[in-house]
Amino acid sequence: ERVWIFCVVTMLLLLTAGTMFYAVYDYGVVTKGAAFHADPTAPARETAFQDGRVIQTGPNAYSVYMVGHLWMWSPSPIHVKQGAAITFYVTSTDVLHGFEVQGTTINLTAVPGIVGTVSYNFSHPGTYHIICNEFCGIEHQAMIGRIIVD
Ligand code: CUA
C-alpha cells in the first residue's frame, strides 16, 4: 500500500513540476525579453514601447505600441482622427492582460515577452474604451484605456 501511495505522490509532483515548467517557459516568464531580441527590428520596437508609443506612419495611419501592466494601459488616452488606420503592437510587462476595444473586433491577449499585433480602421468618431478581459488581479475591472477618434 505504501508503494502505491509513493507512486501516486511522485506522479502528482512530476505533473505539477512539469506543468509549472511548461507554463513558465511557454508564456515567457523566464524568457521575458527574449522575444524582442530574436527579431532584428526589436531594439527600435523596444524603444517605442518605452517612449514614443504613438507613431504616425502615414497621412492618417499610426502605429501604437501598447503596454498592459497592473492595472492600466499605456499610452492612454490616444487621440486620432476619423478614418485613422491603426496598427497596434501589444505586450505586457507583468501578467496576462486582455486587450479588447469595445465596439470593434479588436481582441487579443497581452503576453509578457511577446508582441501581439492587430490592425483596425476607426471610421466613426467617438471614444473607444480599451478594457482588460483577462482577470489580472484586484484592480482588473478598473483597467480601462481610451482611444478618442475625432
Ligand atoms: Cu489587466 Cu485584467
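What follows is a short chat about one sheet and one helix residue in a predicted model.

Reader: What sort of model is this, and how are residues numbered?
Author: The model is predicted: local features need pLDDT of at least 70, side-chain atom pairs count only at pLDDT 80 or more, and totals for chains, interfaces and linings use all residues. Residues are numbered from 1 along each chain as its sequence is written, and side-chain values use heavy atoms, leaving out hydrogens and water.

Reader: What is the strand order in the open sheet?
Author: Five strands run E4-E10-E9-E6-E7, with mixed pairing. Strands are DSSP runs of E, at least two residues, and helices are runs of H or I, at least four, numbered from the N terminus. Two strands pair if DSSP finds at least two bridges between them.

Reader: Which strands stand at the edges?
Author: E4 (78-80) and E7 (107-110) do. Each has a single partner strand, so one side of each lacks a neighbour in the sheet.

Reader: How many bridges join E4 to E10?
Author: Three, and the two strands run parallel. His79 has Ile148 in E10 as its bridge partner.

Reader: And E6 to E7, parallel or antiparallel?
Author: Antiparallel, with four bridges. Phe99 has Leu108 in E7 as its bridge partner. Their hairpin has five residues between the strands, and Gly103 there takes a positive phi near 80°.

Reader: New topic. Where does Gln50 lie?
Author: In helix H3, residues 42-50.

Reader: Buried or exposed?
Author: Gln50 counts as exposed because its relative accessibility is 56%. Exposed means over 50%, buried under 20%, partly exposed in between, using a 1.4 Å probe and protein chains only.

Reader: How many Å apart are Gln50 and Ser74?
Author: 9.6 Å, C-alpha to C-alpha, with their positions 24 residues apart in sequence numbering.
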